[in-house]
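Got a protein chain in front of you and not sure where to start? Let's walk through it together, one question at a time.

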Amino acid sequence: MRIKSLLALTILSAIALAGVAVLVLSIEEDQVARVLPSEDAPPVRGWLRLSAFGTTSSAQEPTLHRSIFVKGPDYSGMEDNDLRGHLDGTFIWGWNQKGQTHVRAGRIESNARYGEYELFRFLQRWADIELPPLTRIAQAQLELHLEDGPEFPVRVLLYEVKQDWNPGEGGTLKDNVSPPAPGEVWWNERAHDMKPWGLPGVGYASDMDPYADTMESPLAGTLYQPGDSTIRFSSRALAAYIEDRLEDEEPLLFLVKLNDYHEDVSGSAIVVSSGDYGDSRNVVRRPHLTLLWKSHSEVASAEHRVFVEQGRVFVLPYFHTQGGSFVAATFTDEAGGTYPTVQILDATIGGAPEWRRLSRVLRCECDSIRTRVVAAEDPVRLGEPFVAELVNTWVRSAPPEEQRVPWIFWSPTGVVHELEAEYQGEYRWIARFRPNELGIWRYQWSYHFDQPTEGPIGRFDVVIGTRSALEDQLRLLLEDVQDVDFRAKRSLWEKLARRFQKLRYTLSREPPGHSEAEAREQLMTRFARLERGALQLEDPDSFAQFRETDIYRIMNEIRGEMGKPAPDSIPLVPGYPPRYRRK
């Protein structure tokens, strides 16, 4: 009898424990894993100034504008060259170096030959910078990003170069390590076999001799401190030089070197990211030239306050140019905002009007223009590919056609996509990726051309495109949703196994695998953003017919897979009464 009682008590205890386990597990199952945003998505907040300019002086008080030039999607007129040798014209490597990922200034401390270490300087040529007539430069700044530097302070100088040169194509083999082709610049010559520098390394300085390489005084200087990631040049002399060169429609010609005292010290070299560093879209580490300017040819201006959520589009009223031939826009950011993309509806380039980025001064022969602000830093329209190019000639570990250049893309919901860039020849790799989610994406590339290298994290924003592109993405989402069972009911043993897995993770601190709950939540977030995008394409008139479109039909099919479809006529029903009323 006692044995039977003990057995019954054991069974009842097991049932009770199972019930508790089921209760605990059911509570945890109700706590669905949430997909947190990858980062904050601050709005665009600030003031947008628009101006139109003619060709003659105007009585209007000019507006202060800011233009930023960096080699990338919107500007391609900048080239830089690494120069290396000795002051007396001897040299170790006679190369035309253009297109490599960095340039240097100062003296290195390795591979000495002929009794000394190599001395480095570099050239910058900024062409195709156009501003309106009668422009006055209020301030100019050249910002350079550093890869490395010495363990002691050095002074870096920016000189005006008086003689133009041909940047070349990287030598006879276009690889930056072959002898210069005829006409290309290098340490001893500004045009190989044609025109030498006055002294090696652009070294002849004179204010009086028109054939000198540079002026006697630098345009600007700055002090590098150990650990600095950037250096900046800014002065009134620099602004005046740029103003004169642009008025004469001539390129800006710069030489960057250390002061003479530090050039003689081994290990003084700074390493600067070049105009070709990294991929063609993420240009954050390339040289930036920023100009603050006013033009006395301004004939019309307007100012608008902008406060737009990330991913949205703010269309401005028509701007009347008053017969102007140039237009410019400047956005001034307020604290807590992000920089937008300003676009102009251009109907002068032939064919159907299209939206163009208004990042520089543009010629525009029209009476009025339509502009808009896209709250995205680097917008890619949904359904269109993200395309970026990477160039690097310093390839040592294997032939360039055999190199792997993997790219990783992180979606707004945390999904990881991987691909390899395609080799295009001439040390160029192209990455093409078609994103499938609206929102902020991140990406990074890597390679092992000489040593393992990872690029900086880049960003682009996928914004709404056409209805057909949205419909295509909804169809792809439907296929993904059909691969996940949103209504699966787990058995007690499955729930116990999941509970054990979580307990094991708690004890071992190993990261758990990607759960079905997380997958469902990611798909639901994708659906919510596509639904929002669909409504951004509608207005009150078109929305009246929205439920008759293929987009709505596919959306409702997705709803049916994730839960249940919305009925044609949704009844108005009361909610559940509170518990005390049910009692």
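## Getting to know the chain

Among contacts in the chain between residues at least 6 apart in sequence, 74% join residues at least 24 apart. Keep in mind that this is a predicted model.

Q: How many helices and strands does the chain have?
A: Let's sort the chain by its helices and strands. The tally comes to nine helices and 33 strands.

Q: What percentage of the 583 residues in the chain is buried?
A: A residue goes in the buried pile when its relative accessible area is under 20%. Out of the 583 residues in the chain, the buried share is 46%.

Q: What percentage of the chain's accessible surface belongs to carbon and sulfur atoms?
A: The accessible surface of the chain adds up to about 30,600 Å². Of that area, the part belonging to carbon and sulfur atoms is 52%.

Q: Which residues have the most contacts inside the largest nonpolar core?
A: In soluble globular proteins, nonpolar side chains tend to be buried together. Here the largest nonpolar core holds 54 residues, and strand β13 (residues 252-258) gives the largest share of this core, six residues. The ones with the most contacts inside the core are Trp126 and Leu291.

Q: Which residues does Leu291 touch, leaving aside its neighbours within four places in sequence?
A: Leu291 is one of the two names we just met in the largest core. Skip the neighbours within four places in sequence, and its contacts are His65, Arg66, Ser67, Phe69, Leu131, Ile137, Gln139, Ala140, Ile242 and Leu246.

Q: How many residues are in the second, separate core?
A: Among the members of this second core are Phe386, Ile464, Val481 and Ile554. Its residue count is 43.

Q: Which two cysteines are joined by a disulfide?
A: A disulfide is a covalent bond between the sulfur atoms of two cysteines. The structure holds one disulfide, with an S to S distance of 2.5 Å. Its link is right-handed, with 60 degrees about the S-S bond, and the partners are Cys364 and Cys366.

Q: Is Cys364 buried or exposed?
A: The cut-off for buried is under 20% relative accessible area. Cys364 has 5% relative accessibility, so it counts as buried.

Q: How far apart in sequence are the parts tied together by Asp74 and Arg357?
A: There are 30 salt bridges in total, and in this one the closest N and O atoms of Asp74 and Arg357 are 3.1 Å apart. Asp74 sits in the loop between β2 (65-69) and β3 (78-85), while Arg357 belongs to strand β21 (residues 354-357), so the pair ties together parts of the chain. Asp74 is partly exposed at 32% relative accessible area, and Arg357 is partly exposed at 30%. The separation in sequence is 283 residues.

Q: Are Arg84 and Glu118 buried or exposed?
A: The side chains of Arg84 and Glu118 meet in a salt bridge of 2.8 Å, N to O. This pair links distant parts of the chain, with Arg84 in strand β3 and Glu118 in the loop between β5 (102-107) and β6 (119-126). As for their accessibility, Arg84 and Glu118 are buried.

Q: Which residue forms a salt bridge with Glu377?
A: Glu377 is in the loop between β24 (371-374) and β25 (379-381), and its partner is in strand β33 (residues 458-463), so parts 82 residues apart in sequence get tied together. Glu377 is partly exposed at 38% relative accessibility, whereas the partner counts as buried at 14%. The closest N and O atoms are 3.8 Å apart, and the partner is Arg459.

Q: Which residues are joined into one network by salt bridges that share partners?
A: Salt bridges can be chained together when they share partners, as they do here. The network consists of Lys71, Glu79, Lys98 and Asp276.

Q: Is Asn176 buried or exposed?
A: Asn176 has a positive phi of about 70 degrees although it is not a glycine. You'll find Asn176 in the loop between β8 (154-160) and β9 (189-191). With a relative accessible area of 0%, Asn176 is buried.

Q: Is Glu249 buried or exposed?
A: Glu249 isn't a glycine either, and its phi is positive, near 55 degrees. Glu249 lies in the loop between α2 (236-247) and β13. Its relative accessibility is 73%, so Glu249 counts as exposed.

Definitions and conventions:
Residues numbered from 1 in each chain as written. Predicted model: local features only at pLDDT ≥ 70, side-chain atom pairs only at ≥ 80, totals over all residues. Heavy atoms only, no water. Core = buried A, V, L, I, M, F, W, Y, C linked by side-chain atoms within 4.5 Å. Buried < 20%, exposed > 50% of the residue type's maximum accessible area, 1.4 Å probe, protein only. Helix = DSSP H or I, 4+ residues; strand = E, 2+ residues; numbered from the N terminus. Contact = heavy atoms within 4.5 Å. Disulfide = S-S within 2.5 Å. Salt bridge = Lys/Arg side-chain N within 4 Å of Asp/Glu carboxyl O. Areas by Shrake-Rupley, 256 points an atom, 1.4 Å probe, with all protein chains shown as cover.
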